[in-house]
Amino acid sequence: MTETDRIRIEIAFEGTQVLNVYVPAAAADSLDSALAGAHDSLSFEAEDGRYTVSVPKIVYVKRFARESRVGFGAVA
C-alpha cells in the first residue's frame, strides 16, 4: 500500500477519547457506512494494527484532506 492509498481519520468517542489513524480509503468508507446504521461494531486495519470500534460510542469522525508536501520543485 502506498502513502497515497491511506487516509488520515480521527475518531472521537464518548468520554473524550480520540483515535488518530491512517487507514485505506475502503476502511474509511466502511466506517461511514457503519455510522449510517449498518453495524454495531466495525473492525479495520490501520497503519499500526487492527482496530475494532463500537459504532454507537462514536461521537464524530473527521476525514482529513490529503496533506500537501513541502519540497523542492520548479516554481511557475
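Start with contacts that join distant parts of the sequence. Among contacts with a separation of 6 or more, 45% link residues 24 or more positions apart. Keep in mind that this is a predicted model.

Now trace the chain. It has one helix and five strands. Read along the sequence, these elements follow the pattern β-β-α-β-β-β. The chain holds 76 residues, and buried residues make up 26% of them. What does the chain expose? The exposed area is about 5,500 Å², and carbon and sulfur atoms supply 51% of that area.

Next, look inside. In soluble globular proteins, nonpolar side chains tend to be buried together. Here the largest nonpolar core has 17 residues. Which of them touch the most other members? They are I9, I11, V21, V23, L42 and F44. The elements that give two or more residues to this core are β1, β2, α1 and β3. The helix α1 spans 25-38, and the strand β3 spans 41-46.

Stay with F44. Is F44 buried or exposed? Its relative accessibility is 4%, so F44 counts as buried, because buried means under 20%. Leaving out residues up to four places away in sequence, F44 touches I11, V21, V23, A27, G49, R50, Y51 and V53.

One of those neighbours, Y51, deserves a second look. A search of the whole structure finds one aromatic pair. F44 and Y51 form that pair. Their rings lie 5.8 Å apart, centre to centre, with 25 degrees between the planes. Why is the pair called stacked? The angle of 25 degrees counts as stacked because the planes are under 30 degrees apart. The partners differ in cover: F44 is buried, whereas Y51 is partly exposed, with a relative accessible area of 22%.

Other rings have charged company. The charged end of R6 sits over the ring of Y22, 5.9 Å from the ring centre. R8 lies over the face of F64. Here the distance to the ring centre is 3.9 Å.

Finish at a loop. T16 lies between β1, which covers 6-13, and β2, which covers 18-24. What is notable about its backbone? T16 has a positive phi of about 70 degrees, although T16 is not a glycine. Is T16 buried or exposed? T16 has a relative accessible area of 74%, so T16 is exposed, as that value is over 50%.

Conventions: Residues are numbered from 1 along each chain as its sequence is written. This is a predicted model: local features need pLDDT of at least 70, side-chain atom pairs count only at pLDDT 80 or more; totals for chains, interfaces and linings use all residues. Side-chain values use heavy atoms; hydrogens and water are left out. Rings of Phe, Tyr and Trp (its six-membered ring) pair if their centres lie within 6.5 Å; planes under 30 degrees apart count as stacked, over 60 as edge-to-face and the rest as tilted. Buried means under 20% relative accessible area, exposed over 50%, partly exposed in between (1.4 Å probe, protein chains only). A charge sits over a ring if NZ of Lys or CZ of Arg is within 6 Å of the ring centre and within 35 degrees of the ring normal. Helices (H or I, at least four residues) and strands (E, at least two) are DSSP runs, numbered from the N terminus. A nonpolar core is a set of buried Ala, Val, Leu, Ile, Met, Phe, Trp, Tyr and Cys residues joined through side-chain atoms within 4.5 Å. Contact means heavy atoms within 4.5 Å. Accessible areas come from the Shrake-Rupley method with a 1.4 Å probe; for residues, only the protein chains shown count as cover.
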